[in-house]
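Thanks for passing this one along. Here are my notes on the cysteines, set out point by point.

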Amino acid sequence: MLPPIITKNYGKWKYHERVKPGVLKHVAESGDELYTVRVGSERLLSTDKVREICEVADKYCDGYVRFTSRHNIEFLVSDKSKVEPLIADVKKRGWPVGGTGHSITNIVHTQGWVHCHTPATDASGIVKAVMDELYDYFGRMDLPAYCRISLACCLNMCGAVHCSDIAILGIHRMVPKINHEIVRTKCEIPNVIAACPTGAIRPDPANKSVIVNQDRCMYCGNCYTMCPGMPVADPKGDGVSIWVGGKVSNTRSGPAFSRLVIPYLPNNPPRWPETVAAVKNIVEVWAKNARKHERMGEWIERIGWERFFEIANIPFTEQVIDDFTMAPETYRTTAAFKW
Amino acid sequence: MADEMKTPLLDELEKGPWPSFVTDIKQAAKKKASARDLLGQLEQSYRDKIGHWKHGGIVGVKGYGGGVIGRYSDIPDKFPGVEHFHTLRVNMPAGWFYTTKALRQLCDVWDKHGSGLTNFHGATGDIILLGTSTDHLQPCFDDLAEIGFDLGGSGSAMRTPSACVGPARCEWACFDSLDVLQTVTRTFQSQLHRPMFPYKFKIKISACPNDCVAAIARSDLAVIGTWKGDIEIDQKEVQQYAKTMNIQAEVVDLCPTKCMSWDGKTLKIDNRECNRCMHCINLMPKALRQGKERGAAILVGGKAPIVHGALLGWVVVPFMKLEPPYTELIEFINKTFEWWDENGKMRERLGELINRLGMGKYLRAMGLKPLPQMIKRPRANPYYFWREGVQ
């Protein structure tokens with residue numbers, strides 16, 4: 001399903017330029033030019049919307065279109081004169097053009113309350129609220145570097161957000177409420193016990209069920225995945241955590257995990273103002289202070305995490321200090337640090 | 001009816017400039033009772049601050065063990081349209097390239113059988129067809145097959161592999177990521193459609209170290225393009241870039257190995273010391289090209305936190321040539337499947353298994369020789385084995 005210009009120049013691209021926000025120009029060894037117009041999408045699309053995308057692709061792109069790994073739509077045109085009319089057309093439809101280069105591109109996310117059975121928060125709603133607030137950054141390229149924001153609505157992380165510049169992660173905060181009847185009749189108890197990463201679950205022979213050691217439970221929800229009798233979701237307990245400084249590309253400092261900076265923000269639908277404000281603050285502090293080409297994590301590693309918490313004005317909490325299996329490698333092992 | 005459809009909370013998410021998923025659901029709700037009830041149930045979730053889907057559910061299509069995610073409402077009396085609302089994962093075309101003909105055919109099938117709601121795309125890369133009833137699964141699958149689409153992976157199976165755009169539209173592709181994707185997907189159809197493993201297994205393919213599909217972070221087996229040999233420099237183009245870019249500050253000073261120098265006229269690279277991070281090439285695609293001998297590094301063990309914490313992929317093959325028919329890669333994947341299947345406990349990902357048994361065991365089982373490229377630094381503890389026969 002490749003456009004003819006791609007079939008012709010497959011593997012023979014020479015270089016590319018970012019013409020302006022949302023527009024890439026790829027030039028082949030043959031001299032052929034291919035323009036890509038990148039458009040943000042809500043990911044959750046009705047068939048009507050998909051047909052509308054087709055309409056645009058038919059009109060400007062000879063019936064070809066692609067999507068990116070971050071839920072953006074890409075319209076590919078080989079005729080330069082079609083670029084501006086295409087942009088005008090999609091803008092008229094209210095579709096954002098951007099997401100290239102040093103912008104904030106679309107937020108990779110999961111299903112949330114729309115379609116998942118283990119979520120700690122919604123996904124699409126927070127993404128919409130955050131992207132509304134960061135909308136201008138989608139159509140600009142003047143940030144210090146790339147800034148990848150991702151959201152996963154529980155620790156299962158089907159969105160694998162753990163290596164993002166900013167990760168929004170749904171978390172539970174209450175131990176599973178055991179329904180012994182369901183555990184007894186529907187669950188394989190040894191598997192439930194083995195599912196716990198902290199060894200908090202032990203057998204309860206009297207009930208032919210299990211007991212959870214409350215002090216050890218970290219609310220990961222893996223037992224619930226194994227057994228419907230262990231629900232962990234709770235309207236008061238559930239919420240959002242914020243992680244920063246991860247990346248996947250090998251450039252400069254290499255791939256890195258995102259690190260916890262805000263352990264809990266409340267689920268506050270429909271627009272999650274606390275989460276939106278936290279993300280915006282982190283983006284802006286980074287944009288103001290980082291050097292050119294410094295990703296979030298590179299900037300923070302340069303100035304030190306103690307400085308980051310100070311200038312981002314984020315309270316330092318006990319949850320930020322790791323006490324899980326790989327914890328020691330996060331403790332400071334030098335007497336050199338800043339105040 | 002009118003009362004049920006009031007969604008004051010979700011309506012708030014139709015405000016603002018970013019495209020709204022609520023508008024999409026409302027569009028679908030005009031035609032489909034299931035989409036209407038999804039909207040209602042989601043509004044209820046927004047009020048209750050909790051999801052309203054029951055735990056799991058096993059449904060599927062003939063001959064396949066996966067590809068369909070069973071989903072049932074926990075308040076079906078209120079929202080009968082989503083009493084069952086199963087998802088089909090549909091294997092996407094390589095590189096997410098479509099013709100509008102194919103997209104419209106997909107829409108036709110989904111309008112006929114489902115809610116009319118989709119994801120382009122799911123986190124693993126599949127086309128997600130969101131919500132249909134049990135009786136529509138088989139007919140929908142049959143109609144999808146008719147238009148040339150197949151299901152993707154779910155459960156304890158090889159999940160739908162994914163790849164970056166690669167040579168289709170990128171000058172940095174060190175191998176044909178789309179062809180490798182196609183080959184891996186076709187070769188391992190059985191592992192994709194019939195969950196038989198300890199847990200999920202993800203394969204992701206990025207054709208250069210920029211890793212646009214995040215292979216290192218979220219795949220049990222990551223194929224990441226790299227090269228050997230010298231970076232080709234077009235000095236004239238470097239000088240062109242120098243007109244708009246501070247080459248010293250932006251390129252040379254940020255090189256992680258400090259293997260570059262710039263005297264205002266000529267850019268020099270000590271290629272032996274380059275670790276191929278892509279920073280300079282990213283900044284000056286017109287002036288710099290990767291070395292001619294191209295291939296990929298193979299990394300294993302990457303995963304998200306569940307169960308024992310997140311892991312990044314570990315380099316086990318620093319360089320593999322990737323040319324059709326990709327025999328070495330296919331054998332490598334086969335052997336890894338076998339070792340993991342043989343030794344892995346239930347819900348133990350490859351990285352966790354390697355962590356439990358030791359990297360040495362995996363390397364020996366795979367017949368891989370120890371290389372310094374595999375490690376960041378040597379061990380700092382004296383607790384190592386001497387195996388029989390080793391001097």
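**Notes on the cysteines**

1. A good place to start is A:C187, which is buried at a relative accessible area of 10%; buried means under 20% relative accessible area, exposed over 50%, and partly exposed in between, with a 1.4 Å probe and protein chains only. A word on the basis: this is a predicted model, where local features need pLDDT of at least 70 and side-chain atom pairs count only at pLDDT 80 or more, while totals for chains, interfaces and linings use all residues. Side-chain values use heavy atoms, without hydrogens and water, residues are numbered from 1 along each chain as its sequence is written, and chains are lettered from A and ligands numbered from 1 in the order in which they are written.

2. The partner of A:C187 is A:C227, at an S to S distance of 2.1 Å; a disulfide is a pair of cysteine sulfur atoms within 2.5 Å. The link is right-handed, with 75 degrees about the S-S bond. A:C187 sits in the loop between α6 (180-186) and α7 (189-194) of chain A, and A:C227 in the loop between α8 (222-226) and β11 (239-244), so the bond ties together parts 40 residues apart in sequence. Helices (H or I, at least four residues) and strands (E, at least two) are DSSP runs, numbered from the N terminus.

3. A:C227 is buried too, with a relative accessible area of 0%. Over all chains, a search of the whole structure finds one disulfide.

4. Why is A:C196 not bonded to A:C220? The A:C220 sulfur is the closest cysteine sulfur, but at 6.2 Å it is too far for a bond. A:C196 is buried, at 14%.

5. In chain B, B:C164 is in no disulfide, and the nearest cysteine sulfur, in B:C212, is 6.2 Å away. B:C164 is buried, with a relative accessible area of 9%.
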